[in-house]
Structure formats: structure tokens, C-alpha cells
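User: I have a model to go through. Please take my questions one at a time and keep the answers short.

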Amino acid sequence: MTGAETPSSFRLAYVPGVTPAKWVRIWNERLPDVPLALLAVTAAEAAEALRSGGADAGLVRLPMDRTGLNTIPMYTETTVVVLPKDHDVTAVDEVSVEDLADFVLLHPLDDPLDWTGGPPGVPAKERPATTADAIELVAAGVGLLIVPQSLARLHHRKDLTYRPLAGAGETTDEAAGTAGTVEVPQSRVALAWPEGEPSELMEEFIGIVRGRTVNSSRGRTPTPPQPKSAKAAAKRPDARRKPGGAGTAGRGARGAGAGKSAKRGKPRGR
């Protein structure tokens, strides 16, 4: 790209809990003349920010409505239970769904986890508006909260801790009076951008996320190989030159010298 074609910046939206610092650092190393602008958005706002052109790309959570968007899954997060440090459940290193059957579980309206029929345990009387509100209720002893690990770290408090939640278990649906298996959902973080031909800068960021090197065939034009120095080129003919010339001349000179010595050494006749 020429200087006139280079956009003023590349706008990257990201949802709570996702840390874009690693990719921002690599971007700044490779494209120091193109600022990367970070846009903090909620999980609910991320898709619309991309569709409306408010951001060029986004680090989002799946599942989400991907209409009109391309996505590349990046990694899957561990699901954890947030609870007070003095709670009985902290006695174990990993919590099962059965362990939560008798406890109140908070289910915020912005929950990024896709529960089938809701989280396990006893449902709270009301759903908190946000995960941040739910964290406050956990600290107050109202109930427990299940979130992706990055959100537990984002909302860290000295009086709270968290434990990983095991894969699946049996729980009772009190409303239906039947027992069923609760699959523990996981949050996947993905790179998303609007459908259509990606821009050169979008290709650049895709390459960074996928770990491509700076001279990859995609994104930036690979750096052409540098010609060898003139000094090295000048040495090349000498390396191919066969020994002879000077050495042969030296031998001839020595031979001539030997002949003169022999002539001077001949005795004179009397």
C-alpha cells in the first residue's frame, strides 16, 4: 500500500474478559504507521458494531448471531464457578454439577454461556442485569455464579475465588419433576469481521491472529531477498581462479637462479 492508500487506523472491538494486548503488540511492531484503535463493547453489542461499520474486526464470544459476519474460532475457555472464599465448595479443586444442586445459582441477563434450560442448582428469584451485578450478589452471599474463567479474573475480588466446573452431571428439574443431564457449556473466543472481500489490513490482522510470520504469502508483500554485497561478488572470480600464474613464475625464477649458480660454480681451465 502507498502512503495515500493507508487508512488512518484499524478499529478492533473486543468483549469483556478478552485481552487483545498480545495481538496489539505484534500489530504495532509490523505496522507502526497504522494505529490500532481498541473499542470496548459488550457481548450483545459486538455483532452490531461490526455489521454497522463501527469496527473493522472484533474479538467476540461464541455462540452469537453470525449473520453477515465471518468468524475464526481462536480458543475455548474453561468454565468456572465463582463463590466466596469461605464457601464449603472451595474444599474441592473441581466442582461437579451435582455439587451445585442445592445452591442458588445466579443467571445474569448478559450471560455468555449457552445453557439448555438454564444453569444447574436452585434458580435465584430474579436475574441480575449484568455479570458485574451478579458478582456483587455472590460477594453478598446471595448465590453462586458460573462464568468463563476470563470473566472471573476480570471481576476479581479479594473475598471471592473460583473453581473449574466439570463436564456434565445429573440434576433435577424441579418444575418438571424429572431428572436430566446438564451439559456444561463453554465460551469460545473468535475473531469476527463483516462478510465480503477482506481488506489488506484485515488480512494482516488475520495473519497475526493465526501466527503467520511477517513474510507470509498472505497479508503484507514478502520482503524480497537482498543481493549479496559488492565485496562478496568481487571475491567470487578469485575463488574460481586456478592456481598457476604466480606460482609457476616463482618456480621458473628459482630454476633460472639454479642455472646461474651452476655456471658460476664451474672451475676455470688452466
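**Salt bridges**

Analyst: In this predicted model, the side chains of D56 and R11 meet in a salt bridge, 3.0 Å from N to O. D56 sits in the loop between α2 (43–51) and β3 (57–62) and R11 in strand β1, so the pair ties together parts that are 45 residues apart in sequence.

User: Is D56 buried, exposed or partly exposed, and at what relative accessible area?

Analyst: Buried means under 20% relative accessible area, and exposed means over 50%. The value for D56 falls in between, so D56 is partly exposed. Its relative accessible area is 23%.

User: And what is the relative accessibility of R11?

Analyst: R11 is the partner of D56 in the salt bridge. R11 also counts as partly exposed. Its relative accessibility is 29%.

User: Which residue forms a salt bridge with D65?

Analyst: The closest N and O atoms of this pair are 3.4 Å apart. D65 is in the loop between β3 and β4 (69–76), and its partner is in helix α2, 14 residues apart. D65 counts as partly exposed at 47% relative accessibility, and the partner does at 33%. The partner is R51.

User: How far apart are the closest N and O atoms in the salt bridge of R157 with E136?

Analyst: The salt-bridge cut-off is 4 Å between a side-chain nitrogen and a carboxyl oxygen. R157 and E136 meet it. Their closest N and O atoms are 3.2 Å apart.

User: Where do R157 and E136 lie, and how many residues apart are they?

Analyst: The R157–E136 salt bridge links distant parts of the chain. R157 is in the loop between α4 (149–154) and β9 (160–164). E136 is in helix α3 (residues 131–139). The two are 21 residues apart.

User: Which residue is linked with E136 and R157 in a network of salt bridges?

Analyst: R157 is partly exposed at 27% relative accessibility. E136 is partly exposed at 45%. The residue linked with them in a network of salt bridges is D159.

User: How many salt bridges does a search of the whole structure find?

Analyst: Pairs already named include D56 with R11, D65 with R51 and R157 with E136. The search of the whole structure finds 6.

**Aromatic pairs**

User: How many aromatic pairs are there, and what is the geometry of W27 with F205?

Analyst: A search of the whole structure finds 3 aromatic pairs. In one of them, W27 and F205 have ring centres 6.1 Å apart and planes at 55 degrees. Planes under 30 degrees apart count as stacked and over 60 as edge-to-face, so this pair falls into the remaining class. The geometry is tilted.

User: Which helices does the W27–F205 pair tie together?

Analyst: The two residues are 178 residues apart in sequence. W27 lies in residues 21–30 and F205 in residues 200–209. Both W27 and F205 are buried. The helices are α1 and α5.

User: Which residue forms one aromatic cluster with W27 and F205?

Analyst: W27 and F205 form an aromatic pair. The cluster holds one further residue, F10.

**Strands and sheet**

User: Which handedness does the crossover from β1 to β2 have?

Analyst: Strands β1 (residues 10–14) and β2 (residues 36–40) run parallel and are joined by 5 bridges. Y14 stands opposite A40 in β2. The chain crosses from β1 through α1 to β2, and this β-α-β crossover is right-handed.

User: Which strands stand at the edges of the sheet β7-β6-β8-β5-β9?

Analyst: The 5 strands form an open sheet with mixed pairing. Each edge strand has a single partner strand, so one side of each is left without a neighbour in the sheet. The edge strands are β7 (122–123) and β9.

User: Which residue in β9 stands opposite P84?

Analyst: Strand β5 (residues 79–84) pairs with β9 in the antiparallel sense over 5 bridges. Opposite P84 in β9 stands L160.

User: T90 is in the loop between β5 and β6 (104–106). Is T90 buried or exposed?

Analyst: Leaving aside neighbours within four places in sequence, T90 is in contact with L83, P84, K85, T161 and R163. Its relative accessibility is 17%. The cut-off for buried is under 20%, so T90 counts as buried.

How values were computed
Residues numbered from 1 in each chain as written. Predicted model: local features only at pLDDT ≥ 70, side-chain atom pairs only at ≥ 80, totals over all residues. Heavy atoms only, no water. Phe/Tyr/Trp six-rings, centres within 6.5 Å; stacked < 30°, edge-to-face > 60°. Helix = DSSP H or I, 4+ residues; strand = E, 2+ residues; numbered from the N terminus. Buried < 20%, exposed > 50% of the residue type's maximum accessible area, 1.4 Å probe, protein only. Pairing = 2+ DSSP bridges. Right-handed = clockwise from strand over helix to strand, strands pointing away. Contact = heavy atoms within 4.5 Å.
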